Structures are given as C-alpha cells and as structure tokens.
Amino acid sequence: MKRFFASPAHRGNFWRGLAARAAIVVFALGSVCSSANAVETQVYDIKTRTWVDYDRTKAYQFYVKNKQVPEPFRRQLVKFRTAEEPGTIIIDGNQHFLYLVQPNQQAIRYGIGVGREGFGWAGIVRVGRTAEWPTWTPPAEMVARDPNARKWASGQPGGPDNPLGARALYLYEGDQDTIYRIHGTPEPWTIGLSVSSGCIRMNNDDVTDLHSRVKVGAKVIVLMQGAALYKGV
Amino acid sequence: MAGKLRSSSAMALAAIAFATLSGSVHAADLVIAMPNWSSGQATANILKVALKEKFAIEADAIEMGTLIAFTGLNAGKVDIHPEVWLPNLDSLVKRYVTDASTVALSPIGVPAWQGICATRSAAEKYGVRDVADLSDASKTAALDTDGDGRGEMWIGAQTWSSTPIERVRANSYGYAETMTLLEMAEDVGMAAVDAAQATDQPLVFACYAPHAVFKLHDIVRLTEPPYDPAKWNIVLPSEDPAWLSKSTATVGWDAAHYHIAYATSLRVRHPDIAKFLDRVKFDPEEAIAMSYALQVERQDPYEFAKRWFAENSARVDAWVKP
C-alpha cells in the first residue's frame, strides 16, 4: 500500500500526479457514463521518488488483496470549511473526491473515479432525479462499435453487472438533463482512477449512502481541476 | 462587495427588482435598496434597525440591482443604497450624483482591495508570495493540476468586469505563460479554495476584500507593485475587439472604496437621517465579519443587524447625535 500512497505531507503531489500522469483512452464524446476503458496511470512513490505505473491491473490487485480501496478513497467525515450549505455536493475530479457538505464545517468525503476527460466541464448543476439500480442504455456509437454493448441497445436492466451500479444521481442544469450522472460501478477497484468517459463513479456502498442523504434539487459544484475542464477556457 | 465586479448580473437583478418595486405598495417610510451580496445585506439591515430605533422610521430593505437602485434614487422610489463601489460605478455617480444631483454619496468610504491570493500552503511551501512568483515555472509547477506543466488559477466569473482585466494583468506581468487562467462562477472558484484547504493543496486565485474567504480560510494576499495610472492602460472588451493586445497593466489595482448613497431629497425630508448616513462608518474587518456571519454562518440578515445594533449602540449614538 505504501508503494502507491504517499504520506499526508506529500499527498498533494501524489494526488495531483494521480490525475496528471493518467493517460486514458476515452470513448467518443457523447458516450458518457460508459464503463472503464484502457488506462495508463502513474502515482508518485515517495520512497524511490519516482513515478510508478499504476493501472487497472495494479488497482485490481490492490483491491483483491485488501478487499477495499486505499484508505484516502474510503468514505470518511472530514473537516471542510465552506460557505456552501449542508447538502451541497462538491466534486473534485483532480483529487478523486466527492464532498457532501455537512453542518459544523464538515463534509462526508467519498472516493470517486472519473474520466480522463473529467466531466468535460465545470460549473454548478443540481440533482434532478435519482434512481435505484438504474437501467443503462449504451450510446449509439458504442452500440455500433462494440458487440457486447449491442445486446443492450434497448437498455441493460439494473443489477450487479450494470455499469451504473446500485444508484444514479442525474445531474440537471435548470430543467435540462445534462446527461452526466453520479453513479455506482460493478468495478469498485477503479475508484481513485481516471478511467471512464465522463461520469462520476463511486463504489456501490458509497453511492447508496450518498443517495440516502441527498435530496433532489441539491446543488452540485463541479470544480475546474482536471485537464479537460480547462479546454476552451 | 461583489457589486464592484458584477455589472452585468446587476442589470438582470435590476429588471427583477424594478418589477417588484413598481408593483407593490410600501407602507414603510423609506426604501433601502438591498444588494444581493452579504455585506450589503448586512449593512442594509443595520440601517433599517438604526432608522427604526433611533429615528422611529420604518424602512423596507428590498433586494435590487445597482442600476435600478440608482434609477430609484433618482426617481424618488428608493431612499438609500448601502454600498456603492468606486471607482467601479463612476459612470453612475457622474450621471446621478455629479450631473443630476439627485443622489448623494456619504463622504466616508470603506476601503476595499482586489488582487491575487494564495493559500497558506502555496505561499509557504511553494514560495508563491508575489505576483512575480507566478512567472517562475519552478514555483507554479506546484499549481499544476492537469499535468501540462503550467499552473491553474481562477481569475473570476465570466460576467465580471474585473475578469478581462485580470487576463490583461496576467499577460502584462508575464504569468499568462506559466499559468492557465480559468473563468467560472464565483461559487465554483470558492469551492475550489475549500477543497484545496481541506487537502492542504496549494492554490492561487483572484480575490477581493472584504470577503468571507478571509475569515473562512488562511489566505495570503500576493504582493505586487502599487497602482500607477501611467502603467494601467486598460481597453475594455466592449470598447475594442483587440482589447487584450491593446491593454497593459503591470501594477496592482487602484484602491477602491464603497459608500452609502442616498436620495439628495432626504436632506430636506429627513435632514437628521442624511446627517446620520454621512457619518456611518465600517472598517474592512467588520465588513468581512458581516459577510462571514451571513454567508457562512447563514445568520438571518435582520437578526444579525439587531444583534450588531445592540452591541454597537455607542457607535450608533455618535453617528446619530445632532
């Protein structure tokens, strides 16, 4: 574990590196909320002071060995001073954290997985609706390209193998669905990585917990960090 | 405070407020234009409480934008505006205060500041203390969040009049080469500060004071050369499509102040109140505390004002005396 995760004093470099060194092949724009794809990520090893490869294989091996994601990505109550109201969600794609603001200058922090393209944008949206064990419908271009997706062209029912996992929070701008979601995943080891193409992934326990706490209408702030978020700025 | 920056949003609010103002009947004796930012709301309510307690005058604090507030002051529909930012609103002041003489400004202003801020981590761990440090790639590498070797910094909302000027400053100082400049709503910019502080990340961003962020977080203001009008040549985007290449600014912002404004007719209708408004004085730290109380602690503005009034009665007495 130490090999991949720096001490708190170095965490800044580590977390930034985790996002910065990732080089993800993503699906075409529009195929949001698809499942993970190829990844080449590095993390900073403070012992050797070098960047070491950290890919899906290593993340998977860590998960199998430890039965959970690394400690920073586990759900925890943290100090979080903000002017935002309790109930607000703040997504820091760069550091792979989602904060749910709580009273008394605290927040519940969850680990998330994001796309290398981040959300593709930053800004303020809201939770427009939520769903339990949501149906996943692959985008048309994925159906055209991927035989495995083709069989779900009319929608994959919710369940343990569904890419959207146990819960989905649909993000709206005004009354319009942005097509972005916060959702669960059947691949919890990908939390902390940048390996999907647009949505925010959480492990199923965490997204279920978040779903139980969030009200429809909650404000969601997507921060600017992350490479793609700067495009066009 | 944001009024100095948000000219376009003020216009939108103005339209809404105008409809509200025109369509309702006010039993109150006076109308206070209440801004949509926290220190302005606190001040509006402090004035409301003081008018009631010291002058037995009922005042309505009605939220409206700056433009409609000035129009209302000019037309006799509004009596007081608690925060008029100068030099940002110089054009309105010229029209209504200097030329039409229908609006008066209190001679006492609260000094305001704007510039570039850093988290304590950015200043102390990474040595970003002066705007010149933003041109030092060895320092700004710590501010890089996307792996391109350049740091990132929020320079304001796209709608703010200050944002293009921050872009000019970045070009002129040279740190546009080492930093990627981000424009986004203020809540996003401030939440990024929250997240950076929660994880001890270095962060640099455009900022202004009074603002609650200075009480919420340990923030360092970057030093820079003082304002010099000879080195401040700004062409606004509204004036010329080539504004960016034609502008230079290699110094800090000019000092700003905000003042209470009131309808000049108040000097006849309520000379005691006009005199009182000319004496009201807040300091910047107090304005930060007001912002924090309303914006972070979410205190009700009127309840906050009543407490403030009770705790500062001696000061208010000094402002009220004939």
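Select A:E132 and A:R167 in this predicted model: A:R167, in β11(A), is the bridge partner of A:E132. Widen the selection to the two strands, β10(A) and β11(A), which run antiparallel and are joined by 6 bridges. On β10(A), move next to A:I124, whose bridge partner in β15(A) is A:I221. The pairing of β10(A) with β15(A) is also antiparallel, over 4 bridges.

**The sheet of chain A**

Now show the whole sheet. It is open and consists of 9 strands of chain A, in the order β5-β8-β7-β6-β15-β10-β11-β12-β14, with mixed pairing. Colour β5 (76-79) and β14 (200-201) of chain A separately, as these are the edge strands, each pairing on one side only. At the β5(A) edge, select A:Q76; its bridge partner in β8(A) is A:R109. β5(A) and β8 (residues 106-111) of chain A run antiparallel, with 4 bridges between them. When side chains are displayed on such strands, it helps to recall that in a regular strand they alternate between the two faces of the sheet.

Two helices may be added here. Helix α5 (residues 204-213) of chain A lies across β7 (97-102), β8, β10 (123-132), β11 and β12 (176-183) of chain A. Its direction makes an angle of about 55° with β11(A). The other helix comes from the partner chain: α8(B) lies across β5, β6 (89-92), β7, β10 and β15 (219-222) of chain A, at about 70° to β6(A).

For the wider view, display chain A entire: it has 5 helices and 15 strands. Of its 233 residues, 51% count as buried. Among its contacts between residues at least 6 apart in sequence, 66% join residues at least 24 apart.

**Two loop positions in chain A**

Select A:W133, in the loop between β10 and α3 (140-145) of chain A. A:W133 has a positive phi of about 40° although it is not a glycine. It counts as partly exposed because 16 C-beta neighbours lie inside 10 Å.

Continue to A:S154, in the loop between α4 (147-150) and β11 (167-173) of chain A. A:S154 has 9 C-beta neighbours inside 10 Å and therefore counts as exposed. Draw a C-alpha to C-alpha distance from A:S154 to A:P138: the two are 16 residues apart in sequence and 8.2 Å apart in space.

**Across to chain B**

Colour the residues at the interface: 29 residues of chain B are in contact with 29 residues of chain A. On the chain B side, β5 (151-156), β6 (179-183), α8 (186-198) and α13 (284-296) each supply at least two residues. α8(B) gives the most, with 9 residues. By type, this side of chain B divides into 14 nonpolar, 8 polar and 7 charged residues.

From the interface, follow α13(B) to α2(B). The axes of these two helices come within 8 Å and cross at roughly 100°, so α2(B) and α13(B) are roughly perpendicular to each other. To see the contact, select B:S38, B:S39, B:Q41 and B:A42 in α2(B) together with B:A287, B:M290, B:S291, B:L294 and B:Q295 in α13(B). These residues comprise 4 nonpolar, 5 polar and no charged.

Beyond α13(B), select B:R298, in the loop between α13 and α14 of chain B. B:R298 is not a glycine, yet has a positive phi of about 55°. Its 11 C-beta neighbours inside 10 Å are why B:R298 counts as exposed.

In helix α14 (residues 301-311) of chain B, select the buried residues B:P301, B:F304, B:A305, B:W308 and B:F309. Looking down the axis of α14(B), one finds them within an arc of 135°, so they line one face of the helix. The face turned away from them carries the exposed residues B:E303, B:A310 and B:E311. Elements that cover the buried residues include α2 (38-55), α13 and α15 (313-320) of chain B.

**A covered strand and two cis bonds**

Finally, select strand β3 (residues 80-86) of chain B, where 6 of 7 residues are buried. β3(B) runs antiparallel to β11 (residues 256-263) of chain B, with 5 bridges between them; B:Y262 in β11(B) is the bridge partner of B:I80. The peptide bond from B:L86 to B:P87 is cis, with omega near 10°, and B:P87 is in the loop between β3 and α4 (90-99) of chain B. Another cis peptide bond joins B:A209 and B:P210, with omega about 5°; B:P210 is in the loop between β7 (204-209) and α9 (213-216) of chain B.

Note on methods. Residues are numbered from 1 along each chain as its sequence is written. Chains are lettered from A and ligands numbered from 1 in the order in which they are written. This is a predicted model: local features need pLDDT of at least 70, side-chain atom pairs count only at pLDDT 80 or more; totals for chains, interfaces and linings use all residues. Two residues are in contact if their C-beta atoms, placed from the backbone, lie within 7 Å. Ala, Val, Leu, Ile, Met, Phe, Trp, Tyr, Cys and Pro count as nonpolar, Asp, Glu, Lys and Arg as charged, and the others, Gly among them, as polar. A residue is buried if 20 or more other C-beta atoms lie within 10 Å of its own, exposed if 12 or fewer, and partly exposed in between; C-beta atoms are placed from the backbone. The arc is that of the directions from the helix axis to the C-beta atoms. Two strands pair if DSSP finds at least two bridges between them. Axes are lines fitted to C-alpha atoms, for helices over the stretch in contact, and angles run from 0 to 180 degrees between N-to-C directions. Angles under 35 degrees count as roughly parallel, over 145 as roughly antiparallel, 65 to 115 as roughly perpendicular and the rest as oblique.
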